[in-house]
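This report describes a predicted model. The sections take up the cysteines, one histidine and an annotated domain in turn.

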Amino acid sequence: MNDPVIDPTAHIASGAVIGPDVSIGPYCIVGPHVKLEAGVRLVSHVNVTGYTTIGARTVVYPFASLGTPPQSLGYKGEPTRLEIGADNDIREHVTMNTGTAADRGVTTVGNNCFFMVGSHVAHDCVVGNKVVFANNVLLGGHSQIGDNVVFGGGVAVRQFVRIGEGAMIVGLSGVRADVIPFGMAHGPLADLVGLNVVGMRRRGLSKAEVHRVRSAYQDLFFGDGAFKARLDKVAATYADDALVVRIIEFIRAGKRPLTMATMRNGTDDDQ
């Protein structure tokens, strides 16, 4: 392990914890309660403030601002936190706020995520691992994003919305309600238009597994009877299918509206 390399124009406040192999480029500002773990790289003109931890080998590009106070009228200056995991790629003009005392008190970002230019993670959000944010994706406060979610450019996610693992949100969509795991949502007020089959295959799921999830999707959203009855029926029919069980558990855990399906096959057609 090597000592950190810090450009003479950077300002590192007393109290900041700088790990080995860290590189801090020109004109960066690092606050007194910041911790940069081993191998973090701040390219230049990066602002890291608040009670913020950045995990190992994460790279942050110019004009990103991390750990600033939450954009919440109820925030009264409490020492809330931002925790960013390892091996993330955080591009220019990305912003991430700390949490609020009214909720978890911490905003959490996982590992191996890619935040493209201008994306925003608001207070008290939870972002999983291997999540991709295209340019100008905006998360409202308290959102929860599962692993392997992909956002197209210009997506806006409403406060408190949950997006399940492996989902795909098409660019320029406005997400106002929870999106099931492996779902694909699209539209100005996003609807569920199918399953993210491409993403499922990229994760190594077999054709048979994909077809099982698709079959459950059809039964759940387009079967006979009320939605609750269909949910119970699918839960019983596919009780031995771990992927479908995760979808059922996600829906049952929800406290807010669910994005509903408008298409039987649409964008999830098996090619």
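## Cysteines

Cysteine 113 has a relative accessibility of 2%, and therefore counts as buried, the cut-off being under 20%. Cysteine 28 is likewise placed in the buried class, because its relative accessibility is 1%.

Is there a partner for the sulfur of cysteine 113, and which cysteine sulfur is closest? The closest one belongs to cysteine 125, but 12 Å separates the two sulfurs, which is too far for a bond. A disulfide would need the pair of sulfur atoms within 2.5 Å. Across the whole structure, the search returns zero disulfides.

## Histidine 93

Histidine 93 sits in a loop; the strands on either side of this loop are β13 (89–90) and β14 (95–97). With 44% relative accessible area, histidine 93 is classed as partly exposed.

Leaving aside residues up to four places away in sequence, histidine 93 is in contact with Pro62, Phe63 and Ala64, and also with Gly118 and Ser119. For serine 119, the C-alpha atom is 7.4 Å from that of histidine 93, although 26 residues separate the two along the chain.

## Annotated C-terminal domain

An unreviewed UniProt entry assigns residues 178–257 the annotation "domain: UDP N-acetylglucosamine O-acyltransferase C-terminal". In the model, helix makes up 56% of this span and strand 11%. The C-alpha atoms at the two ends of residues 178–257 are 6 Å apart.

Terms used. Residues numbered from 1 in each chain as written. Predicted model: local features only at pLDDT ≥ 70, side-chain atom pairs only at ≥ 80, totals over all residues. Heavy atoms only, no water. UniProt positions renumbered as here; feature names shortened; annotations may be inferred. Helix = DSSP H or I, 4+ residues; strand = E, 2+ residues; numbered from the N terminus. Buried < 20%, exposed > 50% of the residue type's maximum accessible area, 1.4 Å probe, protein only. Contact = heavy atoms within 4.5 Å.
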